Amino acid sequence: MKKDREEDRGFILEWLREENTERLRDLWRAADRTRRECVGEAVHLRALVEISNTCVRQCAYCGLRAGNAGLERYRMNREEILRCVRDSEALGIGTVVLQGAEDFGLSREWIADIVRQIKQETSMAVTLSLGERTIHELETWRDAGADRYFLRFETSDPDLYKRIHPPRRTRPISRIRLLQRLKNLGYETGSGVMIGIPGQSYTSLANDILLFRQLDLDMIGVGPWLPNPATPMGALRDMFPDCPDQVPNTEDMAYKVIALTRIHCPEANIPSTTALATLNAENGYERGLNRGANVIMPNCTPAGYRRKYEIYPKKVLLSHPKSNVEGICLRIASLGRQIGRGQGQRIRHEKCEKRYATLPMSTRGAA
Ligand code: 5AD
């Protein structure tokens, strides 16, 4: 059965608007089943190392924006980063994510050298998440051995995108084009959006999910927008009014997006994100994992830096990476799932495409 975009959009919209708890169980079940059949029971861990909070950008939602004078800035040095990577490997984690703000101090050669060192010393996959960088930089890092790149497009609605991202002096390549370039360079490519940005409509969120599929993303990370009082969007809410068809930035909406993303991108690696765990410290991670997610990214940044990587006000515990990872492993085991071994890359299966192609068109038959 061949489906078209309009049918998919209708299906997604119906579910995004669904509020009935009983009916939503069908969605959770359908997502969980797709997850089990297409990516299995393994939960892959990715060690997140936040290497710099120094930023040249002015994104209206983000606490790391250059204009936030109240934030003390840091950049980890080579040895500190390598120590975190070695410690993460010793904890049995197969992927390290080097994430940073848009910091020109993270130069092309400096990052390339660290990537080469990690690939030489460890058997870990390396994911970079360093914002919008030049093709030359992305090529160099790929040649140095970087396996994956993660860059959220935040929203597929061009007007909303413009409203929350002040223009830059340099001409930006659009993030969506950049994602296509990343794929052509041979990176496993990841992206995602924030949920419940003021001005984000249900239709635009449905389009975001359709775009995940159209881009054939390998990794998809979504999480609720959390207001940060140190940003224009958090402090000057009137300047960013809601639209008539506003998506709420709630925990439930985040689960709906995770579940629908799993159904539409059955093979993707989908994390149960920190933003979710921030909204629900008690069982946000578990619910994400039971509603489509198959990845957790334990924060392995040294606590002194972690507290300064304040994208939004943090409520999650600032425990030592080792106890943090151990805690996460226990939580995964309590769900009857196992920790994934190896690098946990995306694996293509014909059966997943078939599963998507035979998906029911309406909420009535999702399970
Ligand atoms: N709430 C939730 N997510 C945020 N991000 C940035 N600021 C916020 C916020 N206030 C997310 C964006 C960005 C990533 C670094 O963090 O999606 O891509």
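A cavity here is a set of points, on a 1 Å grid over the protein atoms alone, where a 1.4 Å probe fits but cannot get out; a residue lines it if one of its atoms is within 4 Å of a point. Grid points are joined across faces, edges and corners, and the volume is the space filled by probe spheres set on the points.

Before we peek inside, a word on the model. It is a predicted one, so local features need pLDDT of at least 70 and side-chain atom pairs count only at pLDDT 80 or more, while totals for chains, interfaces and linings use all residues. Residues are numbered from 1 along each chain as its sequence is written, and side-chain values use heavy atoms, with hydrogens and water left out.

**The cavities**

How many cavities of 30 Å³ or more are there? The count is two. Here they are, with residues sorted by class: Ala, Val, Leu, Ile, Met, Phe, Trp, Tyr, Cys and Pro are nonpolar, Asp, Glu, Lys and Arg are charged, and the others, Gly among them, are polar.

| Cavity | Volume | Lining by class |
|---|---|---|
| Largest | about 50 Å³ | two nonpolar, eight polar, one charged |
| Second largest | about 30 Å³ | six nonpolar, no polar, two charged |

Around the largest cavity you'll find His44, Leu45, Arg46, Gly92, Ile93, Gly94, Thr95, Gly340, Gly342, Gln343 and Gly344. Strand S1 (residues 42–52) gives the most to this lining, with three residues. Helices and strands are DSSP runs numbered from the N terminus: H or I with at least four residues for a helix, E with at least two for a strand.

The second largest cavity is lined by Tyr285, Glu286, Leu289, Ile296, Ile328, Arg331, Ile332 and Leu335. Helix H12 (284–290) and helix H14 (321–334) each chip in with at least two of its lining residues.

Ile328 is worth a second look, since you can find this residue in helix H14. Is Ile328 buried or exposed? With a relative accessible area of 3%, Ile328 is buried. Buried means under 20%, exposed over 50%, and partly exposed in between, using a 1.4 Å probe and protein chains only. Ile328 and Phe212 are 116 residues apart along the chain, and their C-alpha atoms are separated by 27 Å.

**The ligand**

Now for the ligand. Its neighbours, meaning residues with a heavy atom within 4 Å, are Tyr61, Cys62, Arg152, Glu154, Met194, Pro224, Trp225, Leu226, Ile311 and Tyr312. By class, that shell has eight nonpolar, no polar and two charged residues.

Which atoms come into polar contact, that is, pairs of N or O atoms within 3.5 Å? A polar side-chain atom of Glu154 sits 2.5 Å from a ligand oxygen. A polar backbone atom of Leu226 is 2.7 Å from a ligand nitrogen, and a polar backbone atom of Tyr61 is 3.0 Å from a ligand nitrogen. On its own the ligand has 400 Å² of accessible area, and the protein covers 85% of that; such areas come from the Shrake-Rupley method with a 1.4 Å probe.

**Two loop residues**

Asn53 lies in the loop between S1 and helix H3 (78–90). Why does Asn53 count as buried? Because its relative accessibility is 0%. The side chain of Asn53 also reaches the backbone oxygen of Glu72 at 3.0 Å; within protein, one atom of such a pair must be able to donate a hydrogen and the other to accept it, and residues adjacent in sequence count only if both atoms are side-chain atoms.

Ala268 belongs to the loop between helix H10 (251–264) and helix H11 (274–279). This residue counts as buried because its relative accessibility is 1%.

Definitions and conventions
1 Å grid on protein atoms, 1.4 Å probe; cavity = no way out; pocket = protein on both sides within 12 Å on 5 of 7 lines; lining within 4 Å.
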